[in-house]
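Welcome, and thanks for taking a look at this one. Please open the structure below and keep it in view as you read.

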Amino acid sequence: MGRLRVLGLDFGEKTIGMALSDPMGWTAQGHGTIRRRFDLEADLLELRKVIEAQGVEEIVLGLPRNLNGGEGPKAAATRDFAGILTERFGLPVHLWDERLSTVGAGRALLEADLSRQKRKRVIDQQAAVFILQGFLDRRRMKA
């Protein structure tokens with residue numbers, strides 16, 4: 001499996017949670033949160049900085065599905081964002097079913113006994129970790 005970095009994103013209305021793989025593509029680690037400014041160009045500039053600084057070669061974007069597997073308006077917005085990322089950065093963008101990623105992230109943070117305020121600050125980043133780790137695990141199983 002080459003030495004590349006994969007960027008995991010939890011795309012939300014107010015924030016974009018980020019996670020990065022290790023160079024071997026085995027584990028995901030949180031890499032912060034972008035507070036959205038409702039200016040797409042500003043959001044893309046922040047992402048470009050991370051992509052270039054970290055040598056990102058692929059992006060995994062959480063796709064919000066309903067529990068029944070269907071897609072709603074948030075999924076459509078995420079698919080649009082995936083297209084923009086592909087066009088802007090020229091990198092492969094993989095959509096990953098993110099059902100329950102925020103729930104799983106919240107449980108992990110509760111188990112870590114973090115205060116409510118601290119959990120609120122890192123929940124989107126932790127959701128990105130869940131999204132990216134699921135993708136990396138599936139890729140490794142297929143290899």
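This briefing walks through a sheet, a helix that packs on it, and the aromatic pairs.

The model is predicted. In it, five strands form an open sheet, and helix H2 packs on that sheet. The structure also holds two aromatic pairs, and one of them involves Phe81 of helix H2.

**The sheet**

- The strand order is S3-S2-S1-S4-S5, and the pairing is mixed.
- Strand S3 (28–35) and strand S5 sit at the edges, each pairing on one side only.
- From one strand to the next, the twist averages 25°.
- Strands S1 and S4 run parallel and are joined by five bridges.
- Leucine 9 stands opposite leucine 61, which belongs to S4.
- Helix H1 packs on the sheet, where it touches S1, S2, S3 and S4. The direction of H1 makes about 150° with that of S3.
- Helix H2 packs on the sheet too, touching S1, S2, S4 and S5. The direction of H2 makes about 170° with that of S4.

**Helix H2**

- Spanning residues 73–89, H2 has 17 residues and reaches 24 Å from its first C-alpha to its last, close to the 24 Å expected at 1.5 Å a residue.
- Its buried residues are Ala75, Thr78, Phe81, Ala82, Leu85 and Phe89. They lie on the same side of H2 because they cover an arc of only 115° around the axis.
- As a reminder, an α-helix has 3.6 residues a turn, so residues three or four places apart point the same way.
- On the face turned away from the buried side, H2 carries the exposed residues Pro73, Asp80 and Glu87.
- The packing partners of the buried residues are strand S1 (5–11), strand S2 (15–21), helix H1 (40–54), strand S4 (56–63) and strand S5 (93–97).
- Glycine 90, just after H2, takes a positive phi of about 65°.

**The aromatic pairs**

- Phenylalanine 11 and phenylalanine 81 are stacked, because their ring centres are 4.0 Å apart and their planes lie at 10°.
- This pair links distant parts of the chain, with phenylalanine 11 in strand S1 and phenylalanine 81 in helix H2, 70 residues apart. Both of these residues are buried.
- Tryptophan 96 and phenylalanine 135 have ring centres 6.0 Å apart and planes at 90°, so they form an edge-to-face pair.
- Here, too, distant parts of the chain are linked: tryptophan 96 is in strand S5 and phenylalanine 135 in helix H4 (residues 116–142), 39 residues apart.
- Phenylalanine 135 has a relative accessible area of 10%, so with a cut-off of under 20% it counts as buried.

Methods: Residues numbered from 1 in each chain as written. Predicted model: local features only at pLDDT ≥ 70, side-chain atom pairs only at ≥ 80, totals over all residues. Heavy atoms only, no water. Helix = DSSP H or I, 4+ residues; strand = E, 2+ residues; numbered from the N terminus. Expected span 1.5 Å × (residues − 1). Buried < 20%, exposed > 50% of the residue type's maximum accessible area, 1.4 Å probe, protein only. Arc of directions from axis to C-beta. Contact = heavy atoms within 4.5 Å. Phe/Tyr/Trp six-rings, centres within 6.5 Å; stacked < 30°, edge-to-face > 60°. Pairing = 2+ DSSP bridges. Axes fitted to C-alpha atoms, helices over the stretch in contact; angles between N-to-C directions.
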